[in-house]
Amino acid sequence: MQDLIGRIAAATGLPEDRAAKALGIMLNLIQTQGNQNKVRDLFDKLPGAAELAREQGGDGAGWGGGGLLGMLAGGMMGGPLAAISKLTAAGLSMDQIKALNTTALDYAKEKAGAPLVKDVAGSIPGLSGYVYR
């Protein structure tokens with residue numbers, strides 16, 4: 001994960017600690033909102049992803065949704081919108097959020113393969129459009 005955090009810091013201009021927090025928020029969205037079997041497969045190919053999601057992105061939600069974010073996020077695009085709210089609350093601009101997403105998706109495709117990344121993103125309403133670019 002440190003390599004990805006470094007890439008995100010370079011792409012966004014964020015210090016590495018804030019880049020790690022932002023990545024954790026995004027990974028937490030994937031962990032709590034995505035198809036659990038596919039998310040496990042993806043995270044297996046991204047060592048440290050589950051831990052970062054828990055440590056940096058967390059509201060206490062674990063596998064399967066749950067937690068306060070899971071309850072508040074409901075609805076078709078609640079999860080992605082809640083993540084964007086958390087990222088903006090953490091001080092990221094929309095350009096930085098886009099750079100975070102692009103960098104993380106490219107890294108995930110590099111490490112896990114585009115088909116798995118597309119499957120995971122496709123299981124989260126509102127997220128697949130970022131992958132099919």
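**Entry 1. Gly34**

I looked up the burial of Gly34 in this predicted model and found a relative accessible area of 7%, so Gly34 is buried. I take buried as under 20% relative accessible area, exposed as over 50% and partly exposed as in between, with a 1.4 Å probe and protein chains only. Because the model is predicted, local features need pLDDT of at least 70, side-chain atom pairs count only at pLDDT 80 or more, and totals for chains, interfaces and linings use all residues. Residues are numbered from 1 along each chain as its sequence is written, and side-chain values use heavy atoms, with hydrogens and water left out.

I placed Gly34 in the loop between helix H2 (16–33) and H3. Helices here are DSSP runs of H or I with at least four residues, strands are runs of E with at least two, and both are numbered from the N terminus.

I then listed the neighbours of Gly34. Not counting residues up to four places away in sequence, Gly34 touches Leu29, Val39, Ser123 and Ile124; contact means heavy atoms within 4.5 Å. For Ser123 I noted a C-alpha to C-alpha distance of 5.3 Å from Gly34, at a sequence separation of 89 residues.

**Entry 2. Gln36**

I followed Gly34 to Gln36, whose side chain has a polar atom 2.5 Å from the backbone oxygen of Gly34. A polar contact is a pair of N or O atoms within 3.5 Å; within protein, one must be able to donate a hydrogen and the other to accept it, and residues adjacent in sequence count only if both atoms are side-chain atoms.

Gln36 belongs to helix H3 (residues 36–44). Its relative accessibility is 18%, so Gln36 counts as buried.

**Entry 3. H2 against H3**

I examined how the helices on either side of the Gly34 loop pack. The axes of H2 and H3 are 8 Å apart, at an angle of about 140 degrees. Axes are lines fitted to C-alpha atoms, for helices over the stretch in contact, and angles run from 0 to 180 degrees between N-to-C directions. H2 and H3 are therefore oblique to each other. In this scheme angles under 35 degrees count as roughly parallel, over 145 as roughly antiparallel, 65 to 115 as roughly perpendicular and the rest as oblique.

From H2 the contact uses Leu27, Ile30, Gln31 and Thr32, and from H3 it uses Gln36, Val39, Leu42 and Phe43. I recorded five nonpolar, three polar and no charged residues in the contact of H2 with H3. Ala, Val, Leu, Ile, Met, Phe, Trp, Tyr, Cys and Pro count as nonpolar, Asp, Glu, Lys and Arg as charged, and the others, Gly among them, as polar.

**Entry 4. H1 and its partners**

I turned to helix H1 (residues 2–12), whose axis comes within 9 Å of that of H2 and crosses it at roughly 110 degrees. H1 is therefore roughly perpendicular to H2. H1 contributes Gln2, Leu4, Ile5, Gly6, Ile8 and Ala9 to the contact, and H2 contributes Glu16, Ala19, Ala20 and Leu23. This contact of H1 with H2 has seven nonpolar residues, two polar and one charged.

Which residues of H1 are buried? I found Leu4, Ile5, Ile8, Ala9 and Thr12. They span an arc of only 140 degrees around the axis, which puts them on the same side of H1; the arc is that of the directions from the helix axis to the C-beta atoms. The buried residues of H1 pack against H2, helix H4 (49–56) and H7. On the face turned away from the buried side, H1 carries the exposed residues Gln2 and Ala10. Just after H1, I noted that Gly13 has a positive phi of about 80 degrees.

**Entry 5. H4 and H8**

In H4 I found Ala49, Ala50, Leu52 and Ala53 buried. Their arc is within 165 degrees seen down the axis, so they line one face of H4. The cover over the buried residues of H4 includes H1, H2 and H3.

In helix H8 (residues 114–122), I found Leu116, Val117, Val120 and Ala121 buried. These fall within an arc of 130 degrees down the axis of H8, so they also line one face of the helix.

**Entry 6. Gly91**

I looked up a second loop glycine, Gly91, between helix H6 (78–89) and helix H7 (94–112). At 46% relative accessibility, Gly91 counts as partly exposed. Leaving aside neighbours within four places in sequence, Gly91 contacts Arg18 and Gln96.

**Entry 7. Whole chain**

I closed with the totals: the protein has nine helices and zero strands, and 45% of its 133 residues are buried.
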